[in-house]
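Good morning, and thank you for making time for this item. I would ask you to keep the sequence and the structure in view while I speak.

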Amino acid sequence: MKDVRNLDKQWVILSELSSELVKRGIKVPEIVFEKLRLTYTLISYYILDPHVSITMLPNIEKELNFIQSQLFSLCNSELLEEYLNKMTKVIRGELNVKFPLNRSIYTKEVRKKGKVESIRVKLQREIQIERLSDLGEWYGVIFEYSDEDNKIVIEGNIDRVKRALKDFAIIWKEEF
């Protein structure tokens with residue numbers, strides 16, 4: 001697994017703090033939850049995709065610093081001291097917390113590796129693998145069933161994937 005410089009663990013502590021504040025009835029700004037979702041996605045993307053550059057880490061750190069400043073400003077002195085202590089330990093690597101990494105091999109959006117695109121499509125019903133193979137040969141892309149139920153992956157050159165997806169959608173609608 002890629003080194004995330006303990007940013008993943010900082011995210012866990014900040015997420016925990018936001019939950020604690022909400023439990024205590026303290027209004028947490030919506031921007032904090034938006035930034036938590038964004039940084040979760042960025043950290044996951046960084047960890048799972050071997051092609052992502054280390055230059056992404058300062059952006060994640062900047063977002064986490066913003067979240068931290070927002071949350072710490074809402075804490076009473078006791079809670080602030082507790083979470084400052086946790087953050088210090090996490091930064092030093094003295095506190096072991098687990099980042100809730102979603103290990104799905106496909107993200108919800110289109111993935112790109114070089115000139116190859118892949119997109120995941122959810123089906124209403126199963127389509128025979130032979131039919132998918134024929135479509136793949138016709139369009140010059142790869143159609144395959146995903147590890148997830150009723151989902152297929154279309155992979156290949158971006159223009160071919162778009163053309164195959166457009167025509168596949170028409171076939172899909174007619175059959176179902």
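I shall go from the overall fold to one helix, then to the cores, the aromatic rings and finally one loop.

Please bear in mind that this is a predicted model. The protein chain has six helices and four strands. Followed along the sequence, these elements come in the pattern α-α-α-α-β-β-α-β-β-α. Of the 176 residues in the protein chain, 38% are buried. Turning to contacts, if we take those in the protein chain with a separation of 6 or more, 69% are between residues 24 or more positions apart. The chain exposes about 11200 Å², and carbon and sulfur atoms supply 50% of that area.

Let me now take helix α1. Does its length agree with what its residue count leads us to expect? I should rather put it this way: what span should the 17 residues of α1 have? At 1.5 Å a residue they should span 24 Å, and the end C-alpha atoms of α1 are 24 Å apart, so the two values agree.

Is α1 enclosed or open to the outside? Twelve of its 17 residues are buried, and therefore α1 is largely enclosed by the rest of the structure. The buried residues of α1 include nonpolar ones such as W11, V12, I13 and L14, but D8, K9 and Q10 are also on the list. As for their partners, the buried residues of α1 pack against α2, α3 and α4. Just after α1, G25 takes a positive phi of about 80°.

This brings me to the nonpolar cores. As general background, nonpolar side chains in soluble globular proteins tend to be buried together. Here, the largest nonpolar core has 30 residues, and L17 and L71 are those with the most contacts inside it. The elements that give two or more residues to this core are α1, α2, α3, which covers 57–72, and α4, which covers 77–92. Helix α1 gives the most, with seven residues. L17 itself touches L71, F72, C75, L79 and Y83, when residues up to four places away in sequence are not counted. Apart from this core lies another, of 14 residues, among them L123, I127, V141 and F168.

Next, the aromatic rings. The structure holds three aromatic pairs. In one of them, the rings of W11 and Y40 have their centres 5.4 Å apart and their planes at 50°; this angle is neither under 30 degrees nor over 60, so the pair is tilted. W11 lies in helix α1, residues 7–23, and Y40 in helix α2, residues 30–48, so the pair ties together parts that are 29 residues apart in sequence. W11 counts as buried because its relative accessibility is 10%, under the 20% cut-off. Y40, with a relative accessible area of 22%, is partly exposed. Ring pairs also link W11 and Y40 with F99 into a cluster. A further ring, that of F66, has K35 over its face, at 5.3 Å from the ring centre.

My last point concerns G140, in the loop between α5, residues 129–139, and β3, residues 142–145. At 35% relative accessibility, G140 counts as partly exposed. G140 and E155 are 15 residues apart along the chain, and their C-alpha atoms are separated by 9.3 Å.

To close, I would return to α1: this helix is largely enclosed, and α1 gives the most residues to the largest nonpolar core.

Definitions and conventions:
Residues numbered from 1 in each chain as written. Predicted model: local features only at pLDDT ≥ 70, side-chain atom pairs only at ≥ 80, totals over all residues. Heavy atoms only, no water. Phe/Tyr/Trp six-rings, centres within 6.5 Å; stacked < 30°, edge-to-face > 60°. Buried < 20%, exposed > 50% of the residue type's maximum accessible area, 1.4 Å probe, protein only. Lys NZ or Arg CZ within 6 Å of the ring centre and 35° of its normal. Core = buried A, V, L, I, M, F, W, Y, C linked by side-chain atoms within 4.5 Å. Contact = heavy atoms within 4.5 Å. Areas by Shrake-Rupley, 256 points an atom, 1.4 Å probe, with all protein chains shown as cover. Expected span 1.5 Å × (residues − 1).
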